[in-house]
Amino acid sequence: MATDIDKFVHDQLSVWPAVAAKYRNLKGTRTRTLPFGGILVTLQSNPGRVPVFDHGCPLCEENYLEQQHTLPFEGRKGRKYNILVNRAPIFPNHLVITRDIHAPQTIWHRFPDMLDLAAYLENYIVFYNSPNSGTTVPGHAHFQACPKGYMPLERAAERLLRGAKAGQASDEMEFITSVRDAQLYHYKRFHRGIFLLRAQTAKSMAKLFYRLLDCMNLVAEETEPRFNAYAYCSEGEFRAMVTLRGSSHPRCYFAIGEERFSILPGAADMAGFVVVPRPEDFDRLTPEVLERIFGDVTLPAQEEERLLWRLVRTQPRLEVEIESGEEIAFEIVSDGAGPQKVRFQDGRIDYNGVLYDELVFEAVTISTLFAEPSFHIYGEGTRRYAGTLKFLVKDGKVQAVNILGMEDYLLSVISLMPPQEQKERALALRKALLSGEKISHPYIGLTEKADSAARAAIDETWGQTL
């Protein structure tokens, strides 16, 4: 595959002189290194990096330029992508991998595609910017890729993950948790909010990756947490890095005069390859300036501590009856099969013409806290639920049961209550559940937006009852 990609890039640049000149210029661009946070950060002076999009979304096929070539790639569930040469490069052979349809930038359900890309582009690292973490085209789903070895954080991660595979411990990273054959580590150098992952299978890697995102706070009105992700294959396994964000813009980006540095960190920057668009900023960058930049955009220390706590915190499992009827319409979010139905027939459950005594659809991700929806129940409107869906027979009907963590259940219940009552009610309801009492409060699954007050009530009362 490396030969095919090299040929694709060579053929593309041979017919696109303007972009070919940018790749030639990369060979002579100014670079220097600065020590910061235990690694050597690479600075690249790159005035041509800021792209100009003057004819609609540049990642939509109808807006491709005449000279642009594409290489097809097919992801999971029939999702199709186009591989393009990046027209505003940072690295040699810098690629953009874009959906063939105009769909918003999101990692939900697409991380397995990212891992498949990493396996397909065997000599490359694939990376992703969430919508508020450095992407210039948040309206169109895409990944990027470049040859391995350019990013300082990637080199540090590979050294440590190779050691972990060999059973070697390191004080640079701490083991956090695992899912099947996947392991999650917290990297303790460079800047806050860095996590490393390794797994034998894409399925296990995806479960652990989504578990990490599940434990992050979602900023109001945003569709997914703020982060940058990187994936590649090495030594027969999948490896990944995730850098968690607090902000998209450092304060110096808006400053004036000598305080201004026009650096807007994306995936490359967060991995220690800092792109400097303004030549006048290049020589002025110091470790102190980098400290301010990364301090502004990385996960705040208090949120990092809370995230680490959530990752290792367990929650008891509950079984909650949610729907009963002769027929129930539902949809499993992860399988792409669309709406389905189960029916009561001959004392059993009819599903696609096969009769069952009990039918279980396990959640794709393990819910440590605040899980994303894993299935929908249709009736008068659509209700969204986290956790596992189980169907059984009860009283001559099909009974749907939601199996989920206690904290996720409480989050749904107290989100329907006034904010001033949420903390007190979370404490009382958790105590009642732990003592075996039956709770009669309405449970409707996940609300459209469980606000920060409800989440805080869950966090702050958890240790008082367990």
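1. Let's start with a loop. His 109 sits in the stretch linking β5 (95-99) to α3 (111-120). Keep in mind as you look at it that this is a predicted model. The backbone angle phi of His 109 is near 70°, which is a positive value in a residue other than glycine. That deserves a second look, because most residues other than glycine have a negative phi. Is His 109 buried, partly exposed or exposed? His 109 has a relative accessible area of 41%, so it counts as partly exposed, given that this label covers the range between under 20% and over 50%.

2. There's another residue of this kind further along the chain. Asp 346 has a phi near 55°, again a positive value in a residue other than glycine. You'll find Asp 346 in the loop between β16 (340-345) and β17. The relative accessible area of Asp 346 is 65%, so this residue is exposed.

3. That second loop leads us to a sheet. In what order do its strands lie? Reading across, the order is β18-β17-β16-β15-β20-β21; the sheet is open, has 6 strands and pairs in the antiparallel sense. At the edges you'll see β18 (354-356) and β21 (381-385), each of which pairs on one side only. On average, neighbouring strands here are turned by 30° against each other, ignoring direction.

4. Now zoom in on the β18 edge. Strand β17 (residues 348-351) pairs with β18 over 3 bridges, in the antiparallel sense. If you want a pair to look for on screen, try Tyr 351, whose bridge partner in β18 is Val 354.

5. Over at the other edge, β20 (residues 375-379) and β21 run antiparallel, joined by 5 bridges. How many residues lie between β20 and β21? There is 1 residue between them, and the two strands form a hairpin. One bridge to look for here links Gly 379 to Gly 381 in β21.

6. Next, the inside. The largest nonpolar core has 55 residues, and Ile 107 and Phe 209 are the ones that touch the most other members. Helix α5 (residues 202-214) supplies the largest share of this core, with 8 residues. Which residues does Phe 209 contact, if you skip its neighbours within four places in sequence? The list is Ile 107, Phe 111, Leu 197, Phe 227, Ala 229 and Val 242.

7. Don't stop at one core, though. A second, separate core has 44 residues, and among them are Cys 146, Cys 252, Ala 267 and Val 274.

8. Finally, zoom out to the whole protein chain. The chain has 12 helices and 23 strands. Its C-alpha trace spans about 75 × 50 × 45 Å along the principal axes. Does the radius of gyration agree or disagree with that of a compact globule? For 466 residues a compact globule would come out near 23 Å, and the chain has 24 Å, so the two agree.

9. A few totals round off the picture. Of the 466 residues in the chain, 56% are buried. Take the contacts with a separation of 6 or more: 67% of them are between residues 24 or more positions apart. As for the outside, the accessible surface comes to about 20,500 Å², with 51% belonging to carbon and sulfur atoms.

Technical notes:
Residues are numbered from 1 along each chain as its sequence is written. This is a predicted model: local features need pLDDT of at least 70, side-chain atom pairs count only at pLDDT 80 or more; totals for chains, interfaces and linings use all residues. Side-chain values use heavy atoms; hydrogens and water are left out. Two strands pair if DSSP finds at least two bridges between them. Helices (H or I, at least four residues) and strands (E, at least two) are DSSP runs, numbered from the N terminus. Axes are lines fitted to C-alpha atoms, for helices over the stretch in contact, and angles run from 0 to 180 degrees between N-to-C directions. Buried means under 20% relative accessible area, exposed over 50%, partly exposed in between (1.4 Å probe, protein chains only). The radius of gyration is taken over C-alpha atoms; the globule rule is 2.2 Å times the number of residues to the power 0.38. Contact means heavy atoms within 4.5 Å. Accessible areas come from the Shrake-Rupley method with a 1.4 Å probe; for residues, only the protein chains shown count as cover. A nonpolar core is a set of buried Ala, Val, Leu, Ile, Met, Phe, Trp, Tyr and Cys residues joined through side-chain atoms within 4.5 Å.
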